[in-house]
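This report introduces selected features of one protein structure to a reader who has not met it before. It treats a pocket, the aromatic side chains and one loop residue in turn.

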Amino acid sequence: MQELPTVDYQAPNAAEQFVESLRNTGFGVLKNHPIPQSLVESIYKNWQAFFDSEEKHNFLFSKETQDGYFPPSVSEVAKGFTIKDIKEYFHVYPKGRVPAQLEEEIREYYRLANEFASTLLNWVQENAPEEVRAKFSIDLKDMIANSEQTLLRILHYPPMTGDEEPGAIRAAAHGDINLLTVLPAANEPGLQVQRQDGSWLDVPCDFGNLIINIGDMLQEASGGYFPSTIHRVINPTGKASEKSRISLPLFLHPRPDVVLSERYSADSYLQERLRELGVK
């Protein structure tokens with residue numbers, strides 16, 4: 001795998017460059033995109049305060065709806081692993097709960113990021129070979145239209161204490177379930193993507209960049225043409241280990257009835273993966 005290029009969203013050939021990067025690496029990195037940096041910075045600051053407070057325990061997650069606050073004690077175990085990731089997080093869905101003082105800002109971000117995601121899915125579709133496009137049951141952007149499954153996760157990786165379980169890292173190697181994941185560069189580095197030879201490549205984390213990666217559903221829907229890439233978040237060392245890391249991935253999920261392939265609907269695929277993760 002080549003190094004990850006950063007694509008200028010304003011460039012005339014941005015769509016082609018972006019989709020080529022996705023195809024080659026499973027990831028695309030965009031600069032000069034329309035998501036306001038000031039909004040992202042404000043969300044990071046305000047949600048850090050929320051995770052630092054006791055209020056988070058008033059929003060404990062619902063197993064039925066999967067919204068709300070997931071404490072470290074129930075953090076995910078990546079597929080194929082037995083040790084929990086070192087993180088806590090909050091799930092925002094269109095009809096899910098959000099703390100009142102954080103709602104307006106996070107709903108605005110959800111709306112903007114979803115709109116932008118439709119553009120990116122259009123790019124993917126338009127720059128895929130005809131035989132791959134023919135596999136899509138409907139246009140990719142229509143798969144997420146009015147979807148209440150698309151998930152915005154606010155992730156908090158706490159400072160390292162030295163008491164972590166041996167072998168535990170912030171996010172163990174995993175693939176995402178959904179079509180695409182849209183992620184503003186976090187406030188601290190640590191995201192890595194796996195090359196085909198098994199080695200790891202640092203994802204550029206220049207503040208202001210937007211990082212997009214392919215999920216398993218797009219791999220399934222494209223017959224493997226677009227590869228879902230394994231990635232992880234490694235533990236910081238030195239002074240950086242004393243800092244929190246906030247991350248804001250938007251997981252683009254089709255409506256449950258959308259047909260992904262002959263084998264799966266979006267719903268059957270999601271339920272299978274949630275059972276594997278142990279959160280269902």
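The second largest pocket has a volume of about 180 Å³. The model in which this pocket is found is a predicted one. Its lining is made up of Pro94, Tyr110, Asn114, Glu115, Ser118, Lys141, Ile144, Ala145, Asn146, Ser147, Glu148 and Thr150. By character, these lining residues comprise four nonpolar, five polar and three charged residues. Helix α3, which spans residues 100-126, contributes the most to the lining of this pocket, with four residues.

**Aromatic side chains**

Across the whole structure, a search finds 15 aromatic pairs. Two of these pairs are set out in the table.

| Pair | Distance between ring centres | Angle between planes | Arrangement |
|---|---|---|---|
| Phe70 and Tyr89 | 4.9 Å | 15° | stacked |
| Tyr264 and Tyr269 | 4.7 Å | 75° | edge-to-face |

The pair of Phe70 and Tyr89 counts as stacked because the ring planes lie at 15°, and planes under 30 degrees apart fall in that class. This pair links distant parts of the chain, for Phe70 belongs to strand β3 (residues 68-70) and Tyr89 to strand β4 (residues 88-92), 19 residues apart. Are these two residues buried or exposed? Phe70 has a relative accessibility of 2% and therefore counts as buried; Tyr89, with a relative accessible area of 1%, is buried too. The cut-off that applies to both is a relative accessible area under 20%.

The rings of Tyr264 and Tyr269 have planes at 75°, so this pair is edge-to-face. Both of these tyrosines are buried. In addition, one aromatic cluster is formed by Trp47, Phe50, Phe51, Phe59, Tyr69 and Phe90.

**A residue in a loop**

Where is Ser228 found? Ser228 lies in the loop between α6 (216-221) and β11 (231-233). Because its relative accessibility is 15%, Ser228 counts as buried. The side chain of Ser228 is joined to that of Asp216 by a polar contact of 2.5 Å. When neighbours within four places in sequence are left aside, the residues in contact with Ser228 are Gly175, Asp176, Ile214, Gly215, Asp216 and Gln219. Asp216 thus appears both in this list of contacts and as the partner of Ser228 in the polar contact between side chains.

Notes
Residues numbered from 1 in each chain as written. Predicted model: local features only at pLDDT ≥ 70, side-chain atom pairs only at ≥ 80, totals over all residues. Heavy atoms only, no water. Helix = DSSP H or I, 4+ residues; strand = E, 2+ residues; numbered from the N terminus. Buried < 20%, exposed > 50% of the residue type's maximum accessible area, 1.4 Å probe, protein only. Polar contact = N/O pair within 3.5 Å; in protein donor to acceptor, adjacent residues only side chain to side chain. Contact = heavy atoms within 4.5 Å. 1 Å grid on protein atoms, 1.4 Å probe; cavity = no way out; pocket = protein on both sides within 12 Å on 5 of 7 lines; lining within 4 Å. Points joined across faces, edges and corners; volume = space filled by probe spheres on them. Nonpolar A, V, L, I, M, F, W, Y, C, P; charged D, E, K, R; others polar. Phe/Tyr/Trp six-rings, centres within 6.5 Å; stacked < 30°, edge-to-face > 60°.
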